[in-house]
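Dear colleague,

I am handing over a structure that I would like you to have at your side while you read. Please find it here, ahead of my notes.

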Amino acid sequence: MATKLTEVAAFAGVSLATVRRVLNDQPSIAQETRERVLTALDVLGHERPSKLRGHRAGLVGLVVPDLQNPIFPAFVETVSAGLVKQGLMPVLCTRTADGVSEANYIKLLMDHEVAGIVFIGSSYADAGPEHGRALKERGIPVVLINPADANDGVRRITVDDASAVDQALEHLRALGHTRIGMLLGPGGHIPSARKLGAFVADWERRAAPGGEPGAWRELVAHTGFSMEDGRTATARPLEAGATALICASDALALGAVRAAYRQGLSVPGDLSVVGFDDSPYMIATDPPLTTVRQPVRAMGAAAVDALKAQIGGHAGPPDETLYEPELIVRASTGVVRSR
């Protein structure tokens with residue numbers, strides 16, 4: 001028993017005496033401290049005293065599609081730090097190769113009566129409408145960061161994808177590029193659809209009178225989000241004569257760079273490439289990647305504040321807040337030259 005209490009005290013960052021007072025349900029303990037101790041019991045797998053069982057107010061699920069894309073761990077780190085400062089304990093839930101999906105995690109989190117859930121780059125819509133209904137019926141606070149699906153009626157913290165594309169297009173056109181292509185995520189992926197919408201709107205504004213409708217399509221490829229997906233998908237816009245590519249992730253952009261090299265092209269001499277996210281180490285790639293940076297810290301802090309407000313019963317309207325991205329110019333973009 002003494003060893004267990006010592007583990008709980010260390011995990012919660014309180015004294016052994018404080019742990020004993022919480023377990024004895026003494027009224028002199030601050031609610032935040034009480035929640036930290038009870039959360040430590042849950043996370044470490046220790047049973048609560050019977051009088052303290054029930055709602056596990058301190059646990060918050062962080063649901064992410066995977067940890068291969070560096071932007072997801074960046075958001076997890078920021079949101080986790082913010083939750084801990086609020087006396088909440090994050091529980092990481094990520095899709096696995098052996099079939100553990102968002103649906104599995106949502107059910108598990110609901111079974112544990114968590115205080116809330118933050119979906120990063122995914123959403124409860126991925127798990128099916130029944131899970132969304134269950135979350136609403138139970139009143140579990142939910143915040144979505146860059147959701148992959150349309151989720152009206154839920155609090156959403158989102159980067160402005162249209163602005164990201166507008167900034168990239170302005171930069172590339174200033175370098176003389178007119179045949180600009182795009183690598184996007186799968187059809188139905190909302191952030192990719194918003195990027196495409198901005199791209200098409202720009203194309204149609206600049207189209208010559210009487211030009212062929214939909215001529216932009218040959219410059220656009222939809223694919224997955226891995227580097228290999230980017231390498232394979234680059235063939236389509238290159239065949240259409242693209243001299244520059246705007247990519248929906250840094251991984252796709254790095255795949256495009258590899259595809260150019262394999263065709264004997266130089267970057268940016270023959271092909272300029274713009275990524276999205278400004279993931280860690282993009283400054284150290286060859287060449288260093290021009291990319292559009294998401295304001296990860298600001299968005300993570302906003303998600304924590306929105307979740308805490310819901311938990312406290314002070315939630316605002318379930319709307320969407322857009323955050324402005326920033327173009328970071330490095331060496332993967334340059335002045336256009338004819339191939």
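The notes below go through a sheet, a helix, a strand, the empty spaces and two single residues.

Please keep in mind that this is a predicted model, in which local features need pLDDT of at least 70 and side-chain atom pairs count only at pLDDT 80 or more, while totals for chains, interfaces and linings use all residues. Residues are numbered from 1 along each chain as its sequence is written, and side-chain values use heavy atoms, with hydrogens and water left out.

I begin with the open sheet, whose six strands follow the order β2-β1-β3-β4-β5-β11 with parallel pairing; helices (H or I, at least four residues) and strands (E, at least two) are DSSP runs numbered from the N terminus, and two strands pair if DSSP finds at least two bridges between them. The edges are taken by β2 and β11 (320–323), each of which has a single partner strand, so one side of each has no neighbour in the sheet. On average, and with direction ignored, neighbouring strands of this sheet are turned by 20° against each other, where axes are lines fitted to C-alpha atoms (for helices over the stretch in contact) and angles run from 0 to 180 degrees between N-to-C directions. At the β11 edge, four bridges pair this strand in the parallel sense with β5 (residues 155–159), and T158 stands opposite L322 of β11.

Helix α4 (residues 71–85) has 15 residues, which at 1.5 Å a residue should span 21 Å, and its end C-alpha atoms are 22 Å apart, in agreement; the expected span is 1.5 Å times one less than the number of residues. Its buried residues are I71, F72, A74, F75, V76, V79, S80, G82 and L83, where buried means under 20% relative accessible area, exposed over 50% and partly exposed in between (1.4 Å probe, protein chains only). Among the elements that cover them are β1 (59–64), β2 (89–94), β9 (272–277) and α12 (296–311). After α4 comes G87, with a positive phi near 80°.

Strand β9 is mostly covered, six of its six residues being buried. It runs parallel to β8 (residues 244–247), to which three bridges join it, and L245 stands opposite V273 of β9.

As for empty space, the largest pocket has a volume of about 640 Å³. Of its 37 lining residues, N69, F72, G121, H189 and F225 are the closest to its centre, and α4, α8 (190–206), α11 (250–262) and β9 each supply at least two residues of the lining. On a 1 Å grid over the protein atoms alone, a pocket is an open set of points with protein on both sides within 12 Å along at least five of seven lines, a cavity is a set where a 1.4 Å probe fits but cannot get out, and lining residues have an atom within 4 Å of a point. Grid points are joined across faces, edges and corners, and a volume is the space filled by probe spheres set on the points.

The search of the whole structure finds one cavity of 30 Å³ or more, and the largest cavity has a volume of about 40 Å³. Helix α7 (161–174), β8 and β9 each give two or more residues to its lining, and α7 gives the most, with three.

Finally, D278, in the loop between β9 and β10 (290–293), is buried at a relative accessible area of 15%, whereas E204, in helix α8, is exposed at 54%.

With best regards

Methods. Contact = heavy atoms within 4.5 Å.
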